[in-house]
Amino acid sequence: MQDNHKSTGLNRRNFLASTGAVSGSLMLGFAVGMPLISQAAGTASASHAPNAWVRITDDNVITLLTARSEMGQGVYTAMPMLIAEELQVDIRKIKVEVAPANKVYTNALLGAQITGGSTSTRDAWVPLRTAGAQVRMMLISAAAAQWKVDASTLRAEDGMVLGPKGQKASYGSLAAAASKLPVPTKVVLKDPKDFTLIGKATPRLDTPSKVNGTAEFGIDVKLPGMVYASLQQCAVIGGKVKSFDAAKAKTMPGVIAVVQIPDGIAVVAESYWQAYKARQAVTIVWDEGALVNTTHENMLAGIRNASITGKALSIVAPKGDVSEAMKGATKIIKAEYVSQLLAHATMEPQNFTADFKNGKCMLIGPTQFQTGAVGGVAAALGIKPEDVTVKTTFLGGGFGRRLEVDFIVQAAQISKAVGRPVKMLWSREDDTAHDFYRPMAVNQLLAAIGPDGKPVAFDFRLTSQSITQRAFGLPKDTVDDFMTEAAVVGYDIPNTRYDLVIHHTGLRAGYWRSVSHAINAFANESFVDEMAAAAGQDPYAFRMSMLAKQPRYAHVLKLAAEKAGWGTAAPAGRTRGMALMSGYNSYMAQIVEISVKDNRVTVHKVTVVADVGMMINPDTVLAQIQSSIIFGMTAALNNEITLAAGRVQQTNFGDYPVPRMNETPEMDITLVTSTEAPGGIGEPVTALVAPAIANALFTATGKRVRQLPIHHYIDKA
C-alpha cells in the first residue's frame, strides 16, 4: 500500500474468452490473469465456470463480476464504469455480481484476491477498460460478418452495434457469434478526452438496495436449517481453554450444542440471543498464555528499548552524510512521536456463515480476502482448497479488519463440529477485545537547521511491529514495505537517513485504514512543523521552500493554503494547522481549523486538496475523503486500545467513541483535475488529520503533541 508498485502486472495478464449456453441463452465472457478454465462453446461447463468478469447473454443482459469487496467505497459502481466506458453502454444496464474466490480475480498490486490498500481502481484501471474494448471489438466484428461489411464502418452505441445503412443489432443478439471470434490482441483505448462516463459524478448502483433494505450484509445471511453460534474466547488474546463445564448451558432454551474449537468454546443455539446467553453460563478455565502480563505501558517501554538495541534496516539508501551535516548545523532538533494501538471498530461486528457438508465447506459473509478465507478454512478443516467456496456479501465496514480470516475459520470449525449450517456472530464486545490492532509505534526524528534557516539533515527511525511478517511470513530482517509508507518525506533535504526496527510485542497486529501512513505522517508532518518553528519560519513557507522539485506536492499545498486562507487571521478563538503527504499515488494537503476550550479540542473546519490522478467517479472520491476525515478524527482525538494484564480495557463505542454528527466539522474539499493515472483515495486523507490537528494545537498553546490520542495532551494541559 506503498507507492513503490514496481509493476502492475498488467503485461502478464491474458485475455481469455469462453462461451456457453445457460438455459438456452448464450454467454460471452472473458477472464483476465488465469488459465482458461473452459472455452468449449455451448457446453454446460463453460456456462457455469465463473471465470469471467463480464457476461453478455442473448437476452441482452450484461453482467460484471466484480472481484473487489464493497465496504462503502463505491467499488460496485466504479468497476462497471470502467467496463461501460469502453463497451459503450449505459452503466445502468450493467448488472453487478460478486465474484467467487478464484485466482482469476487476483489483485495484481497485492498478489491475492484482496480488497485493500486503496488498490481497487488502480488495479482495474487498464485491465477492465481493455476488457471492455476487446468485447466491443468482438461484437462489432460479429456484426460486420453478419452484415458483410467492413468493421471500420460500424460503431457501438448504447448497447447496440450500428451499421452504415441503418442496421442495428443488440449486444445480446451478437454475443453467440462474437464469442467464437479470436480475442483482439491490440486494442486502442479511448483517449481520456473522449470519456463520457469516467470522471463524471455517477450515482452509486448499490444505493437503492441499501435504501430499500434488500442489500445483504453478512449479518443478514440465512440458510435453511441454519443455527447460530456465539464464541467465548479468552480475555487474554492467545489464551487457550484448559477445561470447561457446559452442563448448565446445555439445559438452557434453544441450545443445540456446546463445542470446543481452538479459539474457545462455542454455544450453538436456535437463535443468536439464546446462544449468547447460554455462553455466559459456561464455566471455563483458561490457560491465559504469554500475554497475561502485557500492558500498553510495558509494550511501549519494549518498543523504545528496541529502537536503541534492535537491528536497524535501511528503508532507502542514505543521501549525503547526515552525521557530518549535523556537526555544522545551527540548530539540532530531536523528538519522539508515539502512535497508539487502535481497533478497527467496524459498524458490523465480525460474523460469517459456514456450511460444512460431505467434506466441502460453503462460506458466506463479509470478507476483504477471499483467497485467504479459502486457504485458511481448508487448512483448518483438513480439506482441499477446491472444496471451499466463498460468497461475499456487502461489508458493514472493513478498514483492514476483514483482511483477517480468524472469524471465518471459527465459523467453519463450528459448522463442522455440529454438522449444520452455522452463522457465527461476534458481539461488539468480542470485536473490540479480539481485534488485530493497529500496532503501537515509536518514531524518533532528528534534524539539523543550517545558518540559512533551511534543513540540512534529517534522520528518521520507526520502531514497530511487522504485520506482513505475521500475516504472510516475510523473512526476518526484511523491510516491510507496509511499515514504511509516508516514512520518506517529499521535501528536498540534502542529507537524509531513514531506517526502521522491527519489534514484535506479541500482540497480534493488523492492517488498519491507511496502514503506516497514519503513523509516519503524524511523526513527519508534526516534526516538519517543529523544524519550521526552530527556523523561525511560517510552516507553509518552510514547506514550500523544500518543494521546488515536487510540483504535485507544491500544487496541492498552495491550493489548500489559498482555500483555507492561510496567512490571514483565523476566526476568533481558532487556530490552523497543516499537513502534507503522498500516499497510494495520490497527493493531498490538509488544513484544519480548531479551538480549545475546557480541555476539549473542537475541529471546526477541514480543508483538503487532493490530486488523485484521473478520477473514475468523483462523487465517491469526495465521499471517501469525507469519511477519511471522520475516521482520522476518531483516531487522533480520543481513541486508544489499552491493555491491563493482557486484557483489552475498551469494550464498545461507549469507551471507544466515534465523532457524533454535531462534532462533524465543515469540510471544504477540492479535487484537482489531473491526467495522471488514478491514485488511491480510500485511506490516505485519514493520515493527515492527526498531524494537522497537532500542529494547530501548537499554534493555539505553544505545546507539542507527540503522543496520540490527543486527549493525553489535553489531560496534561
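## Gly 397 and its surroundings

Let's start in the loop between strand 18 and helix 11, which is where Gly 397 is found. This is a predicted model, and in it Gly 397 has a relative accessible area of 9%, so it counts as buried. Setting aside neighbours within four places in sequence, Gly 397 is in contact with Met 71, Thr 346 and Arg 402. Its C-alpha atom is also 8.8 Å from that of His 344, a residue 53 positions away along the chain.

## A salt bridge from that loop

The loop between strand 18 (388-392) and helix 11 (406-418) also holds Arg 401. What does Arg 401 pair with? Its partner in a salt bridge is Asp 435, with the closest N and O atoms 3.0 Å apart. Asp 435 sits in the loop between helix 12 (428-433) and strand 20 (441-449), so the pair ties together parts that are 34 residues apart in sequence. Both Asp 435 and Arg 401 are buried.

Elsewhere, salt bridges with shared partners link Glu 70, Arg 204, Asp 206 and Lys 210 into one network.

## Other charged pairs

Side chains of opposite charge can pair when their charged atoms come close. The structure holds 40 salt bridges, and two more of them are worth a visit. One joins the side chains of Arg 129 and Glu 86, at 3.9 Å from N to O. Arg 129 belongs to helix 3 (residues 120-147) and Glu 86 to helix 2 (residues 75-87), so this bridge ties together parts that are 43 residues apart in sequence. Arg 129 and Glu 86 are both buried.

The other brings together the side chains of Asp 90 and Arg 92, at 2.9 Å from N to O. Are these two buried or exposed? Asp 90 has 22% relative accessibility and counts as partly exposed, while Arg 92, at 68%, counts as exposed.

## Asn 617, a buried polar residue

Asn 617 is placed in the loop between strand 25 (600-611) and helix 17 (618-637). With a relative accessible area of 1%, Asn 617 is buried. Which backbone atom lies 2.9 Å from a polar atom of the Asn 617 side chain? It is the backbone oxygen of Thr 202.

Thr 202 also appears among the residues that Asn 617 touches, once those up to four places away in sequence are left out. The others in that group are Thr 77, Met 81, Lys 200 and Ala 201.

## An annotated span

The unreviewed UniProt entry carries the annotation "domain: Aldehyde oxidase/xanthine dehydrogenase a/b hammerhead" for residues 212-290. In the model, this span is 16% helix and 39% strand, and the C-alpha atoms at its two ends lie 48 Å apart.

## The chain as a whole

Stepping back, the protein chain contains 19 helices and 28 strands. Its radius of gyration is 27 Å, close to the 27 Å that the globule rule gives for 717 residues, so the chain is as compact as a globular protein of that length. Along its principal axes, the C-alpha trace spans about 80 × 75 × 45 Å.

Of the 717 residues, 59% count as buried. Among contacts in the chain with a separation of 6 or more, 74% come from residues 24 or more positions apart. As for the surface, the chain exposes about 27,800 Å², and carbon and sulfur atoms supply 54% of that area.

Methods: Residues numbered from 1 in each chain as written. Predicted model: local features only at pLDDT ≥ 70, side-chain atom pairs only at ≥ 80, totals over all residues. Heavy atoms only, no water. UniProt positions renumbered as here; feature names shortened; annotations may be inferred. Helix = DSSP H or I, 4+ residues; strand = E, 2+ residues; numbered from the N terminus. Buried < 20%, exposed > 50% of the residue type's maximum accessible area, 1.4 Å probe, protein only. Polar contact = N/O pair within 3.5 Å; in protein donor to acceptor, adjacent residues only side chain to side chain. Contact = heavy atoms within 4.5 Å. Rg over C-alpha atoms; globule rule 2.2 N^0.38 Å. Areas by Shrake-Rupley, 256 points an atom, 1.4 Å probe, with all protein chains shown as cover. Salt bridge = Lys/Arg side-chain N within 4 Å of Asp/Glu carboxyl O.
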